[in-house]
Amino acid sequence: MANDDRPVNVGAPDPEFDAAAIEAGRRLFAQECKFIFGAASLDALPPPERTEIAFAGRSNVGKSSLVNALTGRRTLARVSQTPGRTRQINFFMLSEALVLVDLPGYGYAKASKTMIRDWTRLVEDYLRGRPSLRRLCLLIDARHGIKPPDRDLMDMLDASAVSYQAVLTKADKASSVNQVVDQVAAELTRHPAAHPEIRVTSARTGAGIETLRAAIAALAEPEPLR
Ligand code: GDP
């Protein structure tokens, strides 16, 4: 599909989120985002007391920039990029009810076997049996789409039955976002734990940020009683 002239949905109003939902997202993310914990092993994980929304992606996917854009501050990225903390799972309290969880990046070209093994063990330990983890945002570069290391994580998420959704990053740099959205959507249908919703974002232009805030705020609401 060389000529894709559909309008790119970046930044367009999303009918799914009305003004009240956008405002709820804005209010949630206007709160202070406090670093509460860094865990380098399963033993050190904090008790699963609050709803957690996790962020994961290949190194350099734009995870720190996206979380900075969401929270409007640099706290989270600064902590997560501190030497010694880059291989930890970092927990940030956004409100009394919601914790943002920053998983260490993966897919470094220079990662040793030991580094990959340690990452896998830590992340697997976290994903397995974490009832408080409501959704994982799997960050995918809008220029490149899903890559093999992303598939490894998707397999882990499916195996742990952790609900996840794709969030495309760096949309301002991508020339064929719709094509990548289609490819990602097609691949996600083959993954049982994947949520079909795909968010397209740019930390640089702010596109898609307020709808992602609204989506996270909606997830932070207590689940309705059945
Ligand atoms: P991380 O390793 O996943 O935390 O990635 P960073 O947030 O550090 O971003 C990696 C690189 O991509 C940096 O040079 C950022 O400036 C750049 N970057 C991140 N987000 C965007 C974006 O939305 N648009 C553009 N054009 N560049 C971005």
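# A walk from Lys170 to the ligand and beyond

Let's begin with Lys170, which counts as partly exposed at 22% relative accessibility. Keep in mind as you explore that this is a predicted model. Lys170 makes a good starting point for two reasons, one involving another residue and one involving the ligand.

Take the residue partner to begin with. Lys170 forms a salt bridge with Asp141, and the closest N and O atoms of the pair are 3.9 Å apart. Lys170 sits in the loop between strand E6 (164-169) and helix H6 (177-188), while Asp141 belongs to strand E5 (residues 133-141), so this salt bridge ties together parts that are 29 residues apart in sequence. Asp141 is buried, with a relative accessible area of 5%, whereas Lys170, at 22%, is partly exposed; the boundary between the two classes is drawn at 20%.

Now turn to the ligand. A polar side-chain atom of Lys170 lies 3.0 Å from one of the ligand's oxygen atoms. Lys63 approaches the ligand through its backbone: a polar backbone atom of Lys63 is 2.8 Å from a ligand oxygen. Ser202 contributes its side chain, where an N or O atom is 3.5 Å from an oxygen atom of the ligand. On its own, the ligand has 580 Å² of accessible area, and the protein covers 75% of that.

Which residues come nearest to the ligand? Out of 14 residues around the ligand, they are Asn60, Lys63, Ser64, Ser65 and Asp172. If you sort the shell by residue type, you will find two nonpolar, seven polar and five charged residues.

From here, let's follow the salt bridges elsewhere. The whole structure holds eleven of them. One joins Arg26 to Glu23, with the closest N and O atoms 2.9 Å apart. Both residues lie in helix H1 (residues 19-29), and their spacing of three residues is about one turn of the helix. Arg26 counts as partly exposed at 43% relative accessibility, and Glu23 is partly exposed as well, with a relative accessible area of 30%.

Another salt bridge links the side chains of Asp118 and Arg117, at 3.5 Å from N to O. Here too the partners are partly exposed: Asp118 has a relative accessible area of 39%, and Arg117 is at 45%.

Next, have a look at Arg151, which is found in helix H5 (residues 148-160). With a relative accessible area of 33%, Arg151 is partly exposed. Setting aside neighbours within four places in sequence, Arg151 is in contact with Ile146 and Glu187. Arg151 and His191 are 40 residues apart in sequence, yet their C-alpha atoms are 9.9 Å apart in space.

Finally, step back to the chain as a whole. The protein chain has seven helices and seven strands, and reading along the sequence gives the pattern α-β-β-α-α-β-β-α-β-α-β-α-β-α. How much of the contact map comes from residues 24 or more positions apart? Among contacts with a separation of 6 or more, such residues account for 77%. Of the 226 residues in the chain, 47% count as buried. The accessible surface of the chain comes to about 11600 Å², and carbon and sulfur atoms make up 51% of it.

Technical notes:
Residues are numbered from 1 along each chain as its sequence is written. This is a predicted model: local features need pLDDT of at least 70, side-chain atom pairs count only at pLDDT 80 or more; totals for chains, interfaces and linings use all residues. Side-chain values use heavy atoms; hydrogens and water are left out. Helices (H or I, at least four residues) and strands (E, at least two) are DSSP runs, numbered from the N terminus. Buried means under 20% relative accessible area, exposed over 50%, partly exposed in between (1.4 Å probe, protein chains only). Contact means heavy atoms within 4.5 Å. A residue is near a molecule or strand if one of its heavy atoms lies within 4 Å of it. A polar contact is a pair of N or O atoms within 3.5 Å; within protein, one must be able to donate a hydrogen and the other to accept it, and residues adjacent in sequence count only if both atoms are side-chain atoms. Accessible areas come from the Shrake-Rupley method with a 1.4 Å probe; for residues, only the protein chains shown count as cover. Ala, Val, Leu, Ile, Met, Phe, Trp, Tyr, Cys and Pro count as nonpolar, Asp, Glu, Lys and Arg as charged, and the others, Gly among them, as polar. A salt bridge is a side-chain nitrogen of Lys or Arg within 4 Å of a carboxyl oxygen of Asp or Glu.
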